[in-house]
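Trainee: Could you take me slowly through one part of this model, the open sheet and the helices that lie against it?

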Amino acid sequence: QQHQHHHTTKFSSTSNTSTMAKLRTTSLLPAIMTTVVSLSFISKLRPIVAFQAPTSARRHFSKNANAAFGKTTFRLIPGDLESWRMTSSDDESEVQTTATTPDLETYLNKHNLDDQVFSAISADGGLKVTVATIRNLLNEMMIQHSMNPVGGDALGRATICGLLASNGMQEEQMFQISMKGDGPLRGVVSIVNGKGQARGYCGNPRLSDDFTLQEAIGSGTVQVVKNHPDWPRPYNGITGIKFGDIDRDVGIYLAESEQRSCALAAATSFNGILCTSAGGYLVERLPDCTPETMSHMEKNLGNLVRMNGEDLALPANLMLEGKTPVDIASILLDGLGMKPLNQVTPKEYCECSEDKLFRSLRLLPREEVDDVLKTEGKIEARCEFCSKVYRLGPDDVMKRFAEAEGDPSKDEDFEEELKSKATE
């Protein structure tokens, strides 16, 4: 805990979800604020660890990937920023695949009316394709935060990348992306889990449209945290921000920190402050992928780029035209056979609650809490993720302090307290 003057106290968020909420008083002096940690837990912050990938010699690039250069982040050579294209044979004659027409009725999403994350695998098991559309989710997030398009674009891309990169993980597992840049946006955070539940925020949601996304993000780091309730400690990774458009930076992270050879693209489009499309795709090379399958995918990626055009970032134009995740996956796996894996409906979800707010209050010096109650007459907190406001009056705070048991800094004590309250 770091104690500061003027009734301001900051806590480190834990490695579990890195949630933050702002505890603020209703005084005429807006500078008097209290920052409260994660409304889900409070413990010591574990250090972020950088994972450096081994360098490798430059490989020959196939000419078939030229059309996708700069539009996707398909990298086979960790540490080599020029290796955006797939390395493979130009000869497709050896591709062994059975083009199938699976029953896709379950996965249809006409005109992208619903949010969806769809994944499929090639017939030979060499490539996995995941495609997402989250227009409704992003509009909901923007309404919660009164967000302008620049912040919406950043949060949308980060959320899309999180949903794509985490696809297939266990429902309880969480995946957090933090773009910590020095630009006027003041960073963006997105957290998703295996159920497709998502939440996020950016530091300056009302940033004007005078800035491009790259200018708004600035230079800094991409930080990723993955955790599961049964893990003894979270997985932490970090790479530098090299482009500022989020999807390429996350692609670099996946290649350098997780050794995942992939092509990743995410984009949004707006009409005023209304998001009209938000989606992306992730193509991952699996261990059994042959050079011939890779070569075929290069051509499919090039076709996708040409179909999207240059007006909007890939694949925003395609989604504006009504292309669904199944349609885009079919284009990418054309000639390779497509076997659907699963689909998830992404939803906005926040873990904040009044109990978690009070847990954070218990970690503040008691005299500071009493002073705020005496001065302001109540405690007010706004969740950083969903903007929900919580208010606790003096009587409620005193009653909760009198009934509180256990150590508020321990997750197990807090969970036990919640269970006892539920049985009352």
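Mentor: Let us begin with the terms: helices (H or I, at least four residues) and strands (E, at least two) are DSSP runs, numbered from the N terminus, and two strands pair if DSSP finds at least two bridges between them. This is a predicted model, in which local features need pLDDT of at least 70 and side-chain atom pairs count only at pLDDT 80 or more, while totals for chains, interfaces and linings use all residues. Residues are numbered from 1 along each chain as its sequence is written, and side-chain values use heavy atoms, with hydrogens and water left out.

The open sheet has six strands with mixed pairing, in the order β11-β10-β7-β8-β9-β15. Its edges are β11 (235–240) and β15 (347–348), and because each has a single partner strand, one side of each is left without a neighbour in the sheet. At the β15 edge, strand β9 (residues 197–202) pairs with β15 in the parallel sense over two bridges, and Ala198 is found opposite Glu348 in β15.

Helix α2 (residues 149–165) packs on this sheet, touching β7 (174–181), β8 (188–193) and β9, where contact means heavy atoms within 4.5 Å. The direction of α2 makes about 30° with that of β8; for such angles, axes are lines fitted to C-alpha atoms, for helices over the stretch in contact, and the angles run from 0 to 180 degrees between N-to-C directions. Helix α4 (residues 247–257), in turn, lies across β7, β10 (220–227) and β11, and runs at about 120° to β11.
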